[in-house]
Amino acid sequence: MKADDAPALIVIVNQINAFAQSSPDNLRMKNLLDMAMLALNHVQSDPLNPTAREDLVKYLINCETWTHYEIMIFYNFIFIFDVETVIVIQKRLIRVISRYDNLRLYGSEPFRTLVKITMFYLEHGKVLEALESLMDLRDFDIQEEFLFERTMYKFVAGETYTITNTNRIKAIDDALNIFQAAGSTHQVNRLVDHMKLVVKANQFHNDDFDALIEKWGGTPSTKTPTTTTVS
């Protein structure tokens, strides 16, 4: 999601709101309205609607059985959660994985979600939690043709170990090169932005890491690090 999506999201929010008012007992419609409102807040860098946020978090926490639907909500709206809640949800996700249909032709959604959780931890300065997530990711048996999953693991593992002073700059660079070769420029840009957030959140300085960010079009910000909470 990006700022350019805001006009379309405003239309969507208004349309869903009309449907939701005509079906006040429809929980899926209520969830959809909450998601649309939070997405609009996010792209406009506005404070999150507290009612929509609370309702969506409560729904996921109280939902006893997670399906593809719940996993996708969490994956796309992880920015509404605090670290403590993500830790709780991660434990639930690990339990879900054992019975989740992981044989989708296009990739593994639980794996992608754990990668996103690991990146979330790094963006919030929680390196220990990120290392623990890598252990969960290593337990996956990812099919050889799942290039996105394998490349993202290379990236996030390289980043996490580099933050903990085990230089894996080459692994990060290799992953970015794979995405670039595949024509995924948007993904490369997102990962570079992510690295800059990680630098700030962890007050991390490494000349090689700075050089890598510069190589891929970013501006290193490690010289005057500040702690930040990101979404």
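## Helices and salt bridges in a predicted model

K30 and D34 sit four residues apart in helix α2 (residues 27-43), so about one helical turn separates them. This is a predicted model, so let's start with that pair.

User: How far apart, N to O, are the side chains of K30 and D34 in their salt bridge?

Analyst: The two residues are about one helical turn apart in α2, being four residues apart. Their side chains meet in a salt bridge, and the N to O distance is 2.8 Å.

User: Is D34 buried or exposed?

Analyst: Its partner K30 counts as partly exposed, at 31% relative accessibility. The cut-off for buried is under 20%. D34 has 3% relative accessibility, so it counts as buried.

User: Which residue joins K30 and D34 in one network of salt bridges?

Analyst: K30 and D34 already share a salt bridge. Bridges with shared partners extend this to one network, and the residue that joins K30 and D34 there is D55.

User: Which residue forms a salt bridge with K215?

Analyst: K215 is in helix α11, and the pair links distant parts of the chain, 42 residues apart, with the other end in helix α9. That other residue is buried, with a relative accessible area of 15%. The closest N and O atoms are 2.9 Å apart, and the partner of K215 is D173.

User: Which helices do the buried residues of α11 pack against?

Analyst: In α11 (residues 207-215), the buried residues are F209, D210, L212 and I213. They cover an arc of only 160 degrees around the axis, which puts them on the same side of α11. The face turned away from that side carries the exposed residues D207, E214 and K215. The buried residues pack against α8 (147-163), α9 (169-181) and α10 (185-202).

User: Which residue caps the N-terminal end of α11?

Analyst: Look for a side-chain oxygen 2.8 Å from the backbone nitrogen of D208. The residue that supplies this oxygen and caps the helix is N206.

User: What is the arc that holds the buried residues of α7?

Analyst: Helix α7 (residues 127-138) has twelve residues and reaches 17 Å from its first C-alpha to its last, close to the expected 16 Å. Its buried residues are V127, A130, S133, L134 and L137. Seen down the axis, they line one face of the helix, because they fall within an arc of 110 degrees.

User: How far apart, N to O, are the side chains of K196 and D193?

Analyst: These two are three residues apart in helix α10, so about one helical turn separates them. K196 counts as partly exposed at 23% relative accessibility, and D193 does too at 42%. Their side chains meet in a salt bridge with an N to O distance of 3.7 Å.

Conventions
Residues numbered from 1 in each chain as written. Predicted model: local features only at pLDDT ≥ 70, side-chain atom pairs only at ≥ 80, totals over all residues. Heavy atoms only, no water. Buried < 20%, exposed > 50% of the residue type's maximum accessible area, 1.4 Å probe, protein only. Arc of directions from axis to C-beta. Contact = heavy atoms within 4.5 Å. Polar contact = N/O pair within 3.5 Å; in protein donor to acceptor, adjacent residues only side chain to side chain. Expected span 1.5 Å × (residues − 1). Salt bridge = Lys/Arg side-chain N within 4 Å of Asp/Glu carboxyl O.
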